[in-house]
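Colleague: I am new to reading structures like this one. Could we go through it by question and answer?

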Amino acid sequence: MPIKVVLFVGTKRGLFVLDTDEGRRKWNMVGPLLRGREVYHTVLDTRDGQTAWAATAHPVWGSHVHRSSDAGKTWELLEDAPHYDDARGMKAIWHLALGPASAPNRIYAGIEPAGLFVSEDRGDSWEPVKGLNEHKTNDTWQAAGGGLALHSILIDPYDETRMFCAISAGGVYRTDDGGKTWEPINKGVRADFLSKRYPKTGQCVHKLLMHPARQDRLYQQNHHGTYRSDDCGESWIEISDGLPSDFGYALALDPTDPDTLFVIPEESSEMRSTVDGKLRIYCSRDAGGAWRPLTRGLPQENAYVSILREGLTNDTMEPCGLYVGTSSGHLFASRDRGESWQMLASFLPRILSVSVAVLGTPD
């Protein structure tokens, strides 16, 4: 099957779906689908190339999970949604993640107020992961600027019993027994808004990623800095030096190189827009030792835009492609690890999320 790259762009007014071939030069776009809904996250199961899920919100109809059986062309609303059965309920669904290869019908959801939920029937019904949701440290979790959300869910591809989750503001947690028990792993991560600068829990994590080619390598973009872990989160090293700000949301990786990562610094927690009005994607090729701004094809004046935590992503091609969506509705793509960029769309509704899937195999 020839290579096909599928890009899901979730906006404040629906979902746009773009696709292209292996060259990634010319894109086709359809949408808006899920019209009128805010699309927080979308994921496509590359194992069958057809089943997709979207997390949405609507001011009247509320928050739901939708499922597609034709790679995003049409969608059905699922009757059940992940939620607490007590007063906490559910305000939003922030993130969706597929289960491991051994559980093809499993999908996870991270919600607000912070909680992890699992479905074993492709989203038809949901159960809470109580080991995390009722953790003894959950009284240290507090709402941040975007609410109290569990927004990053990672399953170790080398060990299906190991998972990582990130909470804003609550910190990073890891399980080594399939979700029964969880431990906070935040050593070395700042929380300057708390009385104790390096607490055990309570950090405001903005985005967490695990490198697919190196089991022990994690990266996180935090409210206070960018960090790297080389020991599965047991300890963290701050790698913010060389960036114009320690604040930001977006984070992406090069799947073939554990030492390459991409971030988009924003001016401050108060301003929450690109530094100096320049849309610059900063790249490190030495695991955060040094940083270089990537700007070719991106606006470098009067571009006071914000990029949310799901607004930057990478594909699995070689060289890897990068995709970024802005609060102004502009969508940019790079097919050369960020060295140059093209604008795929402009003046879409505010972009909330960008996700990508690569289908097929090279000829």
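**Strands, pockets and charged pairs**

Modeller: Start with strand pairing: within E17, Gln221 is the bridge partner of Lys207. Keep in mind that the model is predicted.

Colleague: In which sense do E16 and E17 pair?

Modeller: Strands of a sheet pair through backbone hydrogen bonds, either parallel or antiparallel. E17 covers residues 218-222, and five bridges join E16 to E17. The sense of this pairing is antiparallel.

Colleague: How many residues of E16 are buried?

Modeller: A residue counts as buried when its relative accessible area is under 20%. E16 is largely enclosed by the rest of the structure, because the number of its six residues that are buried is six.

Colleague: Which strands are the edge strands of the open sheet E20-E21-E22-E23?

Modeller: Four strands form this open sheet, in the order E20-E21-E22-E23, with antiparallel pairing. An edge strand here pairs on one side only, which picks out E20 and E23 (292-294).

Colleague: What is the bridge partner of Cys283 in E23?

Modeller: E22, residues 281-284, pairs with E23 in the antiparallel sense. Three bridges make up that pairing. In E23, the partner of Cys283 is Arg292.

Colleague: Turning to empty space, which strand gives the most to the lining of the largest pocket?

Modeller: The largest pocket holds about 1400 Å³ of space. Its lining has 44 residues, and those nearest the centre are Val43, Leu98, Leu154, Thr316 and Val356. Several strands supply at least two lining residues each, including E4 (38-44), E8 (92-98) and E12 (149-155). The strand that gives the most, with five residues, is E28.

Colleague: How many residues in that lining of the largest pocket are nonpolar?

Modeller: Sorted by class, the lining of the largest pocket has eight charged and eleven polar residues. The number of nonpolar residues there is 25.

Colleague: How many charged residues are in the lining of the second largest pocket?

Modeller: The second largest pocket has a volume of about 420 Å³. It is lined by 15 residues, with Trp94, Leu308, Arg309, Arg350 and Leu352 closest to its centre. Six of the lining residues are nonpolar and two are polar, while the number of charged ones is seven.

Colleague: What volume of space lies in the largest cavity?

Modeller: The structure holds one cavity of 30 Å³ or more. Among the residues that line the largest cavity are Ala144, Ser168, His206 and Arg309. The space in the largest cavity is about 50 Å³.

Colleague: Now the charges: how far apart in sequence are Arg24 and Asp315?

Modeller: Arg24 and Asp315 form a salt bridge, with their closest N and O atoms 3.1 Å apart. Arg24 lies in the loop between E2 and E3, and Asp315 in the loop between E24 and E25. Both Arg24 and Asp315 are buried. Along the chain they are 291 residues apart.

Colleague: Is Asp124 buried or partly exposed?

Modeller: Asp124 forms a salt bridge with Arg67, with 3.2 Å between the closest N and O atoms. Arg67 lies in E6 and Asp124 in the loop between E10 and E11, so the pair ties together parts that are 57 residues apart in sequence. Arg67 has a relative accessible area of 9% and is buried. Asp124 has a relative accessible area of 42%, which means that it is partly exposed.

Note on methods
Residues are numbered from 1 along each chain as its sequence is written. This is a predicted model: local features need pLDDT of at least 70, side-chain atom pairs count only at pLDDT 80 or more; totals for chains, interfaces and linings use all residues. Side-chain values use heavy atoms; hydrogens and water are left out. On a 1 Å grid over the protein atoms alone, a cavity is a set of points where a 1.4 Å probe fits but cannot get out, and a pocket is an open set with protein on both sides within 12 Å along at least five of seven lines; lining residues have an atom within 4 Å of a point. Grid points are joined across faces, edges and corners, and a volume is the space filled by probe spheres set on the points. Ala, Val, Leu, Ile, Met, Phe, Trp, Tyr, Cys and Pro count as nonpolar, Asp, Glu, Lys and Arg as charged, and the others, Gly among them, as polar. Buried means under 20% relative accessible area, exposed over 50%, partly exposed in between (1.4 Å probe, protein chains only). Two strands pair if DSSP finds at least two bridges between them. A salt bridge is a side-chain nitrogen of Lys or Arg within 4 Å of a carboxyl oxygen of Asp or Glu.
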